[in-house]
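Here is a short walk through one protein model, written to be read with the structure open beside you. Please have the viewer ready, as residues will be pointed out by name along the way.

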Amino acid sequence: MAGLIKDEDIATVRERARIDEVVSEHVTLRNAGGGSMKGLCPFHDEKTPSFHVTPSRGYYHCFGCQAGGDVIKFVMEVEGLGFAEAVERLADKVGIQLRYTEGDAPGPRRDPGQRARLIEAHRLAQEFYADQLTTPDAMAARQFLGERGFDRDAAETFGLGFAPRGGEALLHHLRQKGFRVEELVTAGLVAQGRSAYDRFRGRLLWPIRETNGDTIGFGARRIFDDDRIDAKYLNTPESPIYKKSTVLYGVDLARKEIARSSQAVVVEGYTDVMACHLAGVGTAVASCGTAFGEEHGRVLRRLLHDHADFRGEIIFTFDGDEAGQKAAMKAFEGDQQFASQTYVAVEPDGLDPCDLRLAKGDAAVRELVARRIPLYRFVLGNLVQGFDLDRADGRIDALRRAARLVTSVRDRSKVDAFARELAGMVGVDVEEARREVRRAAARGPEQADQRRGRVLVEEPPAPAPRPDVPDPRDPRFAVERETLKLVVQHPAAVGTTAADLGPDDFAHPHYRAIWEAVAAAGGPAAVRSPESWPASLAAALTDPAASATLGALAVEPLRSLREPDADYVAAHVYGLQEVTTQRRIADLKSRLQRTNPVDQAADYNKMFGDLVALEQHRRTLREKAVGGE
Ligand code: ZN
């Protein structure tokens, strides 16, 4: 680690960097009397100025959004920099050579003034490349832009350029301007092999700029088939001024709009940033040559002026494919503060903003961003979709899994809202979702830690594979089991009472298979020889696990001690049908909850009618089961 900046030098920077001058680069200030100046706040949207600067005290304050501080704070906030970086930036500006305390291991020697040289080299390089874009050699580059809906104005707005194919044009140009080869290598503009040569050759270039508009690097796209470098995109390597973990393409253009609207849109590529800005989404940025990471998030948060009471929105656009879902899931389980302010804008056809603008116009890009959904909803939605919500057990499993995720949200105030949302998604009562979330919370923390791998014990061994025989005590299948026991052990007592039973009355696959064998043999009423009845059923079963289950049903005592009479049979057979009807009612209610009565009025009304009929049917079965007939 390089040392810290010496305190005396920080104080000198504070003294010498005049706050009114620094602020004036971003805000038009006019005299407000009493030694103060005021202007429109760069940190919030306003029509009348409430942003005050008092040069004699070296301080700024906004009466609208309460932003305030000294000159260093201002640079940090307005340019999205950390403290040391802001001090370095100001020191460069006012010509102070900073001194550093010794760190544990001395970092690279800082070369005061180097930053200014590298920035100047990039400024000249950008101009040079932009000029080249108009030459005949750059035809392919212009064509690439044209095909994506970018005209000459757009190219100028974004400062696009073309790197000539020769390989020494920029090197010569900058040497003529007095730059040494070593400086250009440090800047990443030139590479050094046996001799020095331009890093970018025969490529379309996007200048990558800092918040203040200084160019610090380039992104370069392959446009020629004979390009010896296969990579579609090349980027400036790490340099004293270019750190890919913090660099955001488009931040120079987006900075003000991000602060004003408290919203930042993260897209994937240079053309997507351009498309967004041209379509009116002026808050779009992209990471360059690397995935959007934690440090990028920090830069955005500073630009959003996040503080305890207020958080802006960070909106990611990505397609709903598996990679995107995984990324979202990771974000959700990672930094919670970040997750709670993160939104996702998913384009249903999987188009990126550039293609979307091309296919459907500017408005479609704005709509994509406007249709953003909270990250947690996106993640919950994906999770829940993996379950069969038309089945009661599917809904229970979905609820359990999602409840665990909801409890991982540390912001307690959000949990109830999430539970409500979850109820709507799965199609269950809000109370039921809340109960499940509370239950998951009670078990929660250890599980979360295990998931994070914090406890480095070996994974629990996978349960040994055993035949999936239904648990005799599983209350979900109790009536099914007892009814089948009656059918297998006492076919004559059951007789025609079971005439209306069907495979759907049996939720467990083994019970269902056994019933199907019963039905195929003509049902219990057709049994001639009760002694061989179980064996003939077993012969009809192909699944050995189902045969094992049948064996258990044939010998397991009934839950009643007396001989099964008509009441006992009716209670089970009709009771079972009632359970089935109840399940269908629950399924239908769940679907109703997930159906929009306005948009899908016909479906909704049909389902509602079915529901009324089912309720009636259920009452009839209930009466038969309790022997009312
Ligand atoms: Zn303000």
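What follows goes from the whole chain to a few helices and then to single residues.

**The whole chain**

Keep in mind from the start that this is a predicted model. The protein has 629 residues, and 46% of them count as buried. Its secondary structure comes to 27 helices and 17 strands. Among contacts with a separation of 6 or more, 67% are between residues 24 or more positions apart.

**Helix H15 and its surroundings**

A good place to begin is helix H15, residues 353–360, where Pro-353, Cys-354, Leu-356 and Arg-357 are buried. These residues sit on the same side of H15, because they cover an arc of only 165° around the axis. As background, an α-helix has 3.6 residues a turn, so residues three or four places apart point the same way.

What lies over that buried side? The cover of the buried residues of H15 includes strand S13, helix H11 (270–279), strand S15 (313–317) and helix H16 (362–370). Just after H15 comes Gly-361, with a positive phi of about 90°.

Helix H11 deserves a closer look. The axes of H11 and H15 come within 7 Å and cross at roughly 45°, which makes H11 oblique to H15. On the H11 side, the contact is made by Thr-271, Asp-272, Ala-275, Cys-276, Leu-278 and Ala-279, and on the H15 side by Pro-353, Cys-354 and Arg-357. Sorted by class, the contact of H11 with H15 has six nonpolar, one polar and two charged residues. Pro-353, Cys-354 and Arg-357 thus appear in this contact and also among the buried residues of H15.

Strand S13 (263–267), part of that cover, is preceded by a loop from helix H10 (251–261), and Ser-262 lies in this loop. Ser-262 has a phi near 55°, a positive value in a residue other than glycine.

**Helix H17**

Next is helix H17, residues 375–385, which is mostly covered: eight of its eleven residues are buried. They are Leu-375, Tyr-376, Phe-378, Val-379, Leu-380, Gly-381, Leu-383 and Val-384.

Leu-380 makes a handy example from this helix. Why does Leu-380 count as buried? Its relative accessible area is 1%, and buried means under 20%. Leaving aside neighbours within four places in sequence, Leu-380 is in contact with Ala-402, Leu-405, Val-406 and Met-425.

**Helices H26 and H27**

Further along the chain, helix H26 (residues 566–593) meets helix H27 (residues 601–625): their axes come within 9 Å and cross at roughly 160°. That angle makes H26 roughly antiparallel to H27. The residues of this contact divide into 13 nonpolar, five polar and nine charged. The crossing of H26 past H27 is left-handed.

**Single residues in loops**

Three loop residues are worth finding in the viewer. Gln-341 lies between helix H14 (336–340) and strand S16 (342–345). Gln-341 is buried, at a relative accessible area of 3%. Apart from neighbours within four places in sequence, Gln-341 is in contact with Arg-301, Asp-306, Arg-311, Gly-312, Glu-313 and Ile-314.

Gly-495 is in the loop between helix H22 (491–494) and helix H23 (509–520). With 15% relative accessibility, Gly-495 counts as buried. Leaving aside neighbours within four places in sequence, Gly-495 is in contact with Pro-524 and Ala-525.

Buried or exposed: which of these describes Glu-563? Glu-563, in the loop between helix H25 (544–555) and H26, is exposed, with a relative accessible area of 62%.

**Pairs to check in the viewer**

Each row below gives a pair of residues, how far apart they are along the chain, and the distance between their C-alpha atoms.

| Pair | Apart in sequence | C-alpha to C-alpha |
|---|---|---|
| Gln-341 and Glu-313 | 28 residues | 5.2 Å |
| Leu-380 and Leu-405 | 25 residues | 7.9 Å |
| Gly-495 and Gly-523 | 28 residues | 8.0 Å |
| Glu-563 and Ala-493 | 70 residues | 9.5 Å |

Two of these pairs also tie in with the contacts above: Glu-313 is among the residues that Gln-341 contacts, and Leu-405 is among those that Leu-380 contacts.

Conventions
Residues numbered from 1 in each chain as written. Predicted model: local features only at pLDDT ≥ 70, side-chain atom pairs only at ≥ 80, totals over all residues. Heavy atoms only, no water. Helix = DSSP H or I, 4+ residues; strand = E, 2+ residues; numbered from the N terminus. Axes fitted to C-alpha atoms, helices over the stretch in contact; angles between N-to-C directions. Parallel < 35°, antiparallel > 145°, perpendicular 65-115°, else oblique. Left-handed = near helix turned anticlockwise from the far one by under 90°. Nonpolar A, V, L, I, M, F, W, Y, C, P; charged D, E, K, R; others polar. Buried < 20%, exposed > 50% of the residue type's maximum accessible area, 1.4 Å probe, protein only. Arc of directions from axis to C-beta. Contact = heavy atoms within 4.5 Å.
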